Amino acid sequence: MISTAFEYNRATSLDDALAKLRATNGQGKFIAGGHSLVPLMKLRLSEPKTLIDIARIPGLSGIRKKDATIEIGAVTVHHDVATSALLQQACPLLAEAAASIGDPQVRNRGTLGGSLAHADPSADYPAAMLALDADIHLRGPKGSRVVKAHDFFRGLFTVDLGADEIIVGVQFNPVRSAAYAKLAQRASHFAIVGVAAALEVKGGTIQSARIGVTGASSHATRLTDVEKALAGKPLSMESIEAAARTAGANLEDLNADIHASQDYRRAMIPVFTERALARALARAQ
Ligand SMILES: Cc1cc2nc3c(=O)[nH]c(=O)nc-3n(C[C@H](O)[C@H](O)[C@H](O)COP(=O)(O)OP(=O)(O)OC[C@H]3O[C@@H](n4cnc5c(N)ncnc54)[C@H](O)[C@@H]3O)c2cc1C
């Protein structure tokens, strides 16, 4: 289908983007890569009167070291995350999650901020943000605020982001001993089940673990039972196999669609949890 008619504006700064959005009186939307919004507009599930293009705002893209942390601007495209030498070395989990998104066209246009704002239940970044315990930086008319990833994803396509706010970027402590493993839907590569796992290891012992799962239910969530089961255990495949065995058993309302039933997803969560943890373990040694 063809979308309803809309006006198109390009924002030149964050303040300009927020002012242009306010001027639409609730009838406008930001557009970054357009790879989630445009399909919705073509289906007429979204009918903004004005699109405000934020993709070329100076300073809103890029991957930077800031003290011990890494910052990524909201309009950084998936390709740049996937091919970042800094991320590949210091935080390979995120680079591999980005590399697994869609196809080259999607990775060259789609953005980190757009993916987080849209919060598709099968999107890859949300699981990675949970495993990295990332801070999500927002700006709105009342100023800036920071939301932890585990508070950000709230429900189906629902996040802690006001209609008048913009995602500026994310910030996190890089974790080398971390990995992403997913069962991809063959055509789109969206996650049927995707698991991001990060381990904190000291002297051969797992101090703590953070595990995010996507594709399984209405929104990405932490596998806290597995995290608890791993804490304090020796860094070994035996620990991982034991902890992953019941991964997702407590998750309610698993997704079911033409790609996979609830039972199939439930069976795949432990498999991909173990795979992500095994690769994180290999990086920790
Ligand atoms: C064929 C295909 C395959 C795909 N496969 C995958 C996949 O395997 N894994 C995966 O994770 N994703 C996949 N996607 C989705 C893709 O990653 C999108 O790029 C992403 O979900 C949205 O990013 P965008 O920049 O395109 O956002 P847009 O489409 O421009 O915007 C999406 C929504 O976010 C809002 N928004 C955008 N940026 C901001 C911001 N900075 N602050 C506040 N709101 C903002 C917009 O107003 C809109 O509501 C696929 C998409 C397609 C078309």
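Visitor: Which residue has a backbone N or O atom 2.8 Å from a nitrogen atom of the ligand?
Guide: This is a predicted model. The ligand offers a nitrogen atom, and a backbone N or O atom lies 2.8 Å from that nitrogen. The residue is Ile167.

Visitor: Which residue has a backbone N or O atom 2.8 Å from an oxygen atom of the ligand?
Guide: Here the ligand atom is an oxygen. The protein atom is again a backbone N or O. It belongs to His189.

Visitor: How much of the ligand does the protein bury?
Guide: Take the ligand alone and it exposes 970 Å². Of that area, the protein buries 90%.

Visitor: Which elements give two or more residues to the shell around the ligand?
Guide: Two strands and a helix qualify. They are strand 2 (28-31), strand 10 (166-172) and helix 7 (112-118).

Visitor: Which element gives the most to that shell, and how many residues?
Guide: The element is helix 7. Its contribution to the shell is four residues.

Visitor: Which residues come nearest to the ligand?
Guide: The ligand has 30 residues around it. One of the nearest, Thr111, has a side-chain N or O atom 2.6 Å from a ligand oxygen. The full set of nearest residues is Phe30, Gly34, Leu37, Thr111 and Asp124.

Visitor: Is Asp124 buried or exposed?
Guide: Asp124 is found in the loop between helix 7 and helix 8 (125-131). Its relative accessibility is 3%. The cut-off for buried is under 20%. Therefore Asp124 counts as buried.

Visitor: Which side chain joins that of Asp124 in a polar contact of 2.9 Å?
Guide: Set aside neighbours within four places in sequence, and Asp124 is in contact with Ala97, Ser100, Ile101, Tyr180, Lys182, His189, Ala191 and Thr214. The 2.9 Å polar contact is between side chains. The partner is Lys182.

Visitor: Why is helix 5 described as largely enclosed by the rest of the structure?
Guide: Helix 5 spans residues 92-99. Its buried residues are Pro92, Leu93, Leu94, Ala95, Glu96, Ala97 and Ala98. Helix 5 is largely enclosed because of its eight residues, the number buried is seven.

Visitor: Does the end-to-end span of helix 12 agree or disagree with 1.5 Å a residue, and what is the span?
Guide: Helix 12 has 23 residues, 262-284. At 1.5 Å a residue, the helix should span 33 Å. The end C-alpha atoms agree, at 33 Å apart.

Visitor: Where does helix 12 bend?
Guide: The bend is about 25°. A proline, Pro270, follows within four residues of the bend. The bend is at Met268.

Visitor: Which elements do the buried residues of helix 12 pack against?
Guide: The buried residues include Arg265, Met268, Ile269, Pro270 and Phe272. Thr273, Ala276, Leu277, Ala280 and Leu281 are buried too. The partners are strand 11 (178-184), strand 12 (191-202), strand 13 (205-214), helix 10 (224-230) and helix 11 (237-244).

Visitor: How far apart in space are Ile70 and Ala260, C-alpha to C-alpha?
Guide: Ile70 lies in strand 5 (residues 69-73). Its relative accessible area is 1%, so Ile70 is buried. Ile70 and Ala260 are 190 residues apart in sequence. In space, the C-alpha distance is 35 Å.

Visitor: What distance separates the C-alpha atoms of Lys29 and Gly162?
Guide: Lys29 lies in strand 2. At 37% relative accessibility, Lys29 counts as partly exposed. Along the chain, Lys29 and Gly162 are 133 residues apart. Their C-alpha atoms are separated by 12 Å.

Visitor: What is phi of Arg44 near?
Guide: Arg44 sits in the loop between helix 2 (37-42) and strand 3 (50-53). Arg44 is partly exposed, with a relative accessible area of 39%. Its phi is positive, in a residue other than glycine. The value is near 60°.

Visitor: Is Asp253 buried or exposed?
Guide: Asp253 is in the loop between helix 11 and helix 12. Its phi is positive, about 50°, although Asp253 is not a glycine. The relative accessible area is 66%, and the cut-off for exposed is over 50%. So Asp253 is exposed.

Note on methods
Residues numbered from 1 in each chain as written. Predicted model: local features only at pLDDT ≥ 70, side-chain atom pairs only at ≥ 80, totals over all residues. Heavy atoms only, no water. Expected span 1.5 Å × (residues − 1). Bend = angle between axes of the 7 residues up to and from the residue. Buried < 20%, exposed > 50% of the residue type's maximum accessible area, 1.4 Å probe, protein only. Contact = heavy atoms within 4.5 Å. Near = heavy atom within 4 Å. Polar contact = N/O pair within 3.5 Å; in protein donor to acceptor, adjacent residues only side chain to side chain. Areas by Shrake-Rupley, 256 points an atom, 1.4 Å probe, with all protein chains shown as cover.
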